[in-house]
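Please open the model in your viewer, with the sequence panel alongside, and keep a selection tool to hand. The stops below are meant to be taken in order.

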Amino acid sequence: MRKQLFLLAFVLILQSSLKAQTTIVVENKTNQQRSELISISAEQLGVKPRTKLIVRDVFDIEQPTQWTYDGRLLMSVYVKPNGKATFKVQAGIPEAFERSWVSGRMYPERLEDIAFENDRIGFRLYGPALQKRGEKGFGHDVWVKRTTELVLDKLYRDDPRLNFHLDHGLALDCYGVGPSLGCGTPCMIKEGKIVYPWCYETYKILDKGPLRFTVQVNFPTVDGVTEHRILSLDKGSNFCEATVWFDGISKPIDIAAGLAIRPADPTTVVIGKDYVHYADPTVDPERHQFQIYSALLFPDTKVTIKQQENHVLGILKNYQSGQRFHYFFGAAWSEFDVRSQAEWQLRIEGFMQARQQPLKVTVQ
C-alpha cells in the first residue's frame with residue numbers, strides 16, 4: 001500500500017512539474033483592444049479533458065477557467081492592440097471563484113421556460129407546458145438588464161410580487177415575441193412561407209459556467225423532421241451562438257434564422273453583407289420610451305437576407321438533412337451598455353472583426 005501511495009505521489013509530482021512548464025501566449029494582431037474568451041483543446045495542452053489545471057497571469061493571479069462539454073479549456077483574456085498576453089499553466093485544483101458570469105436552467109415554476117443570461121443580456125425559450133395551453137410562443141425571447149449580476153432566479157422567484165414585465169431597477173421582459181420568430185429563431189421555409197417552430201420537447205444543459213452556458217434543445221418530430229439547436233452564451237458577449245440542424249429532410253429545402261420586426265415601426269432595420277440589426281421599440285413603446293437593439297450575424301455562413309412576413313430573414317438555400325447551420329443572434333438595451341443604434345452598429349462591427357481575425361493562441 002505504501003509503495004502504491006509513493007508511486008502515485010511521484011506521478012503527481014512529475015505531472016505537476018511538467019505542467020508548470022506550459023505557457024499560453026495570446027497574440028492580438030489587430031489595432032483594437034480585445035476582451036473575449038479563448039478556447040484551447042485538451043490535445044493542444046497535452047492533457048485529458050477536464051484535467052484540473054491552474055492558470056495564472058503575469059502577475060501570478062489565478063484566472064477563472066472552464067472545461068466545455070466538447071473538451072476545450074475556456075479562458076477570459078484581455079489583450080491590447082497589437083499586443084501579447086502570457087499565462088502559465090500547471091496541474092492542480094483551481095480556486096473556487098466567488099461568482100459565475102453566466103447561468104441558466106429550466107424553470108418548471110414558469111411553464112418550463114428555459115432561460116439563461118450572462119453579465120450583459122438574457123434569453124428565454126418557451127417550454128412544453130406553454131404549448132399545451134395553446135399559446136404560440138415560437139421565438140427566442142430577450143431579457144434586458146441594467147446590471148452585470150445574475151438576476152433571472154430572483155426575477156422568476158419574485159414575479160408574483162413584482163411582475164417582471166415592469167422595470168424595478170434590475171432587469172425586465174419587455175420584448176414582444178408572440179407568434180413570431182422573436183430574436184434569432186431558426187425555421188424552415190416551405191413554398192416561400194415561414195414554418196414556425198413550436199416549443200422544445202427535450203433539453204440538456206451542456207455547459208453551466210462560470211464562463212459559458214450551453215444548452216441543447218430538441219423539438220418534436222413533425223412530418224418526419226426533427227429540429228435540434230445548441231445555444232451558447234459567453235461571459236461579456238451580447239451575442240448567443242446558435243448551431244442548428246434538421247434531421248429527416250428528404251430533399252434540399254431553404255431554412256432561415258429570423259428577427260421579428262414590429263409592423264408599426266420597421267424603419268430602423270439595417271442590413272449589411274452578413275448581418276442585420278434593428279432598434280426594437282419594445283412591446284409597449286409609448287410607455288417604455290427606450291429601445292432594445294437586436295441582431296442576426298452570419299460571420300461564416302453565406303445567407304440571403306430579405307424582409308418577409310414582419311421579419312428579416314437570413315436564408316440558407318438548398319439546406320440538406322443534418323447539415324449544421326451556424327450563426328449568432330443578440331440583443332442590447334439602451335438603458336444599459338449600448339445607448340444608441342449607432343453604438344450597436346459599432347458593437348456588431350467589432351464582433352465580426354474579431355471573428356474574422358481571431359486571437360492567435362500558442363501553447364509552449
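A polar contact here is a pair of N or O atoms within 3.5 Å, where, within protein, one atom must be able to donate a hydrogen and the other to accept it, and where residues adjacent in sequence count only if both atoms are side-chain atoms. That definition will be needed at the stop on Asp159, but the confidence of the model comes before it.

**Colouring by confidence**

Bear in mind throughout that this is a predicted model. If you colour the chain by pLDDT, the mean is 93, and 94% of the residues reach 70 or more. Then select residues 13–19, over which pLDDT stays under 50 and for which the model has eight contacts beyond four places in sequence.

**Helix α4 and Asp159**

Select residues 152–162, which make up helix α4, and pick out Asp159 within that helix. Is Asp159 buried or exposed? Its relative accessible area is 14%, so Asp159 counts as buried, the cut-off for that term being under 20%. Show the side chain of Asp159 next, and follow it to the backbone nitrogen of Phe164, which it reaches at 2.7 Å. Beyond its neighbours within four places in sequence, Asp159 is in contact with Arg110 and Phe164, so that both are worth displaying as sticks while you are here.

Widening the view to the helix, you will find that Leu152, Leu155, Tyr156, Asp158 and Asp159 of α4 are buried. Among the elements that cover the buried residues of α4 are β7 (103–107), β8 (113–117), β9 (121–125), β10 (141–145) and β11 (171–172). Step past the end of the helix to Asn163, which follows α4 and has a positive phi, near 70°.

**The cysteines**

Select Cys174, Cys183 and Cys187 for the next stop. How many disulfides does a search of the whole structure find? The search finds zero. For Cys174, the closest cysteine sulfur is that of Cys183, at 13 Å, which is too far for a bond; for Cys187, the closest is again in Cys183, at 14 Å, and likewise too far. Cys174 is buried at a relative accessible area of 2%, and Cys187 counts as buried at 1%.

**The sheet of eight strands**

Now display the open sheet of eight strands, whose order is β14-β15-β16-β17-β24-β21-β20-β19 and whose pairing is antiparallel. The edges are taken by β14 (202–208) and β19 (270–271), each of which has a single partner strand, so one side of each is left without a neighbour in the sheet.

Within this sheet, select β21, residues 292–297, a mostly covered strand in which six of six residues are buried. Its side chains divide between two directions, with Ile292, Ser294 and Leu296 pointing one way and Tyr293, Ala295 and Leu297 the other way, and all of them are buried. On one pairing, β21 and strand β20 (residues 275–280) run in the antiparallel sense over six bridges, and Tyr275 stands opposite Leu297. A second pairing joins β21 to strand β24 (residues 325–333), also antiparallel and through six bridges. To trace the register with β24, select Leu297 together with its bridge partner Phe328, and then Ile292 together with its bridge partner Trp333.

**The sheet of four strands**

Move on to the open sheet of four strands, which has the order β3-β6-β1-β25 and antiparallel pairing. Which strands stand at the edges? They are β3 (53–56) and β25 (360–363), and because each has a single partner strand, one side of each is left without a neighbour in the sheet. The twist from one strand to the next averages 20°. For a closer view of one pairing, select β3 with strand β6 (residues 84–91), to which it is joined in the antiparallel sense by four bridges; there, Leu53 stands opposite Ala91.

**A last pair of residues**

Finish at helix α2, residues 42–45, where Leu45 lies. Leu45 is buried, its relative accessible area being 7%. If you draw a distance from the C-alpha atom of Leu45 to that of Ile253, which is 208 residues away along the chain, the two atoms are separated by 41 Å.

Definitions and conventions:
Residues are numbered from 1 along each chain as its sequence is written. This is a predicted model: local features need pLDDT of at least 70, side-chain atom pairs count only at pLDDT 80 or more; totals for chains, interfaces and linings use all residues. Side-chain values use heavy atoms; hydrogens and water are left out. Two strands pair if DSSP finds at least two bridges between them. Axes are lines fitted to C-alpha atoms, for helices over the stretch in contact, and angles run from 0 to 180 degrees between N-to-C directions. pLDDT is the predictor's confidence in each residue, from 0 to 100. Contact means heavy atoms within 4.5 Å. Buried means under 20% relative accessible area, exposed over 50%, partly exposed in between (1.4 Å probe, protein chains only). A disulfide is a pair of cysteine sulfur atoms within 2.5 Å.
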